[in-house]
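Visitor: I have a model open and want to learn how to read it. Where do we start?

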Amino acid sequence: MRLNLTICMLWATAVAAVGQNPLKWNEIQCLGSHNSYRTNTDTRIENFVCNISDLLPKEYDPAGWAYSNAPFHQQLGLHGLRSFELDIHHDPAGGRFAKPAGRLITLRGRKLKNPDWQESGMKLFHIADFDYNTHHILFSKALTEIRDWSLQNPDHLPLALMVELKDFGVSNVAPCWPFTPILPFDAQAIEDLEQEIHAVFGAFPNLIFTPDDFKRGQPTLEAARNNLGWPYLDEMRGKIIFIAMMGEVEKQHYKQGHTNLIGRNMFVFEDEGGPDALFVKVDDPQDEIVRIQNLVRRGYIVRTRADADTEEARSGNFDRLNAAMESGAQMISTDFYRPSPLAGKPGWSHYKAIFPNGKSVIHNPVLRPDWSATIAP
């Protein structure tokens, strides 16, 4: 009896302490995956690109492609990741990306057999012609898997889905070769994207946390950030937040007729200071750690990277990850939430991005250094 009473008293004390000053969403740090849909490149195409990599921009260097992601439900459940990066290409007629030039050049045949490549709609992959292997060809199918997991796990921490609109490919840097032209995201493509999100989530509107939800009666997102701050973490559980990575022209299309993002599904990554700025992307936490810390203190949510181009997985250097944690950036993307399959082989370390408590989420060291309780993902 005395033991039970003691446990109850300790529990009540802990609950009271937490309840006095609960966490807000921007007061935690979460690990997430980079190019979350991506699987390994075809070997012969990878070897071909290695031979011409000096002629291409750095992002086309296959040395940086030596990673692969687990299916989304495993990233969500087994690994506890809470942010994801989805690269989409516009394909309104279908079939645009079904005949990769890389397959023709390497004599592997041209046409991809999965019928999803022939379907109209946003395609989810990294680089046309070369690096196109993906867990889901159709953006809508990836969203459906994530939606269904969310419905089955309604108490999860908010999921940030960063959607990058790809309007550049190998055809832009080598127009004389038979590479696939990439379509820009014009006004119609922007509306097509919104409709694809609505088609998946329309029956579950409460799953998405929208710009209108954040404003809570304030005239702009900036005003809500300044006057109200972020909602409490428990209010955000079970929610999915879309944040678009797009160029200035695409932003104009997205905001046309939707001032202050009224009625839109997605937030937009912006530079700090604008009326719609809530999310800021800062890739390098080492060189820009002071900037990130200042942004975090001002109420922005920052996405940064724990590693890049497989360099940390090869060297075993944790400096970038440590800087990302120290910066207070709330979303830390990694290619290695699990060690590389090549770990331990020559030229590869056992690097794995993880927080000191062994979890995928911790309190924010800049905003809530006093917090000590475990945060359920």
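Guide: Start with the exposed side of a helix. This is a predicted model. On one side of helix H2, Thr43 and Asn51 are exposed.

Visitor: Which residues of helix H2 are buried?

Guide: Helix H2 runs over residues 43-52, and its buried residues are Ile45, Phe48, Val49 and Ile52. They span an arc of only 95° around the axis, so they sit on the same side of H2. Thr43 and Asn51 are on the other side.

Visitor: What covers the buried residues of H2?

Guide: The cover includes helix H4 (101-105).

Visitor: How do I read a nonpolar core?

Guide: Take the general idea, then the case. In soluble globular proteins, nonpolar side chains tend to be buried together. Here the largest nonpolar core has 78 residues. Phe242 and Phe279 have the most contacts inside this core.

Visitor: Which residues is Phe242 in contact with, leaving aside neighbours within four places in sequence?

Guide: Phe242 is in contact with Leu143, Leu161, Val163, Ile197, Phe201, Ile208, Asn265, Met266 and Phe267. There is also a second, separate core of 22 residues. Val49, Leu56, Trp117 and Ile127 are among its members. You have met Val49 already, as a buried residue of helix H2.

Visitor: Now the pockets. How much space lies in the largest pocket?

Guide: About 660 Å³. The lining of the largest pocket has 32 residues, and the closest to the pocket centre are His34, Glu59, Glu164, Asp283 and Arg305.

Visitor: Which elements give two or more residues to that lining?

Guide: Strands E2 (83-89), E7 (279-281) and E8 (301-305), plus helix H13 (311-315).

Visitor: How do the lining residues of the largest pocket divide by class?

Guide: The count is 8 nonpolar, 5 polar and 19 charged.

Visitor: And closed spaces? How many cavities of 30 Å³ or more does a search of the whole structure find?

Guide: The search finds 3. The largest cavity holds about 60 Å³ of space. Its lining is Trp25, Ile28, Cys30, Arg82, Ser83, Pro158, Ala160, Ile301, Gln330 and Met331. By class, that lining is 7 nonpolar, 2 polar and 1 charged.

Visitor: What is the volume of the second largest cavity?

Guide: About 40 Å³. Glu59, Tyr60, His89, His126, Ile127, Ala128, Lys166, Phe168, Gly169 and Ile182 line the second largest cavity. The classes here are 5 nonpolar, 3 polar and 2 charged. Two names recur. Glu59 is also one of the residues closest to the centre of the largest pocket, and Ile127 belongs to the second core.

Visitor: Let us turn to loops. Is Asn26 buried or exposed?

Guide: Look at the accessibility. The cut-off for buried is under 20%. Asn26 has 8% relative accessibility, so this residue counts as buried. Asn26 lies in the loop between helix H1 (2-20) and strand E1 (28-33).

Visitor: What is Asn26 in contact with, beyond four places in sequence?

Guide: The partners are Trp230, Gly299, Ile301, Gln330, Asn364 and Leu367. Of these, Ile301 and Gln330 also line the largest cavity.

Visitor: One more loop. Where does Gly263 lie?

Guide: Gly263 lies between helix H11 (248-255) and strand E6 (266-268). Compare sequence and space. Pro211 is 52 residues from Gly263 in sequence, yet their C-alpha atoms are 7.8 Å apart. Leaving aside neighbours within four places, Gly263 is in contact with Glu194, Asp212 and His258.

Technical notes: Residues numbered from 1 in each chain as written. Predicted model: local features only at pLDDT ≥ 70, side-chain atom pairs only at ≥ 80, totals over all residues. Heavy atoms only, no water. 1 Å grid on protein atoms, 1.4 Å probe; cavity = no way out; pocket = protein on both sides within 12 Å on 5 of 7 lines; lining within 4 Å. Points joined across faces, edges and corners; volume = space filled by probe spheres on them. Helix = DSSP H or I, 4+ residues; strand = E, 2+ residues; numbered from the N terminus. Nonpolar A, V, L, I, M, F, W, Y, C, P; charged D, E, K, R; others polar. Core = buried A, V, L, I, M, F, W, Y, C linked by side-chain atoms within 4.5 Å. Buried < 20%, exposed > 50% of the residue type's maximum accessible area, 1.4 Å probe, protein only. Contact = heavy atoms within 4.5 Å. Arc of directions from axis to C-beta.
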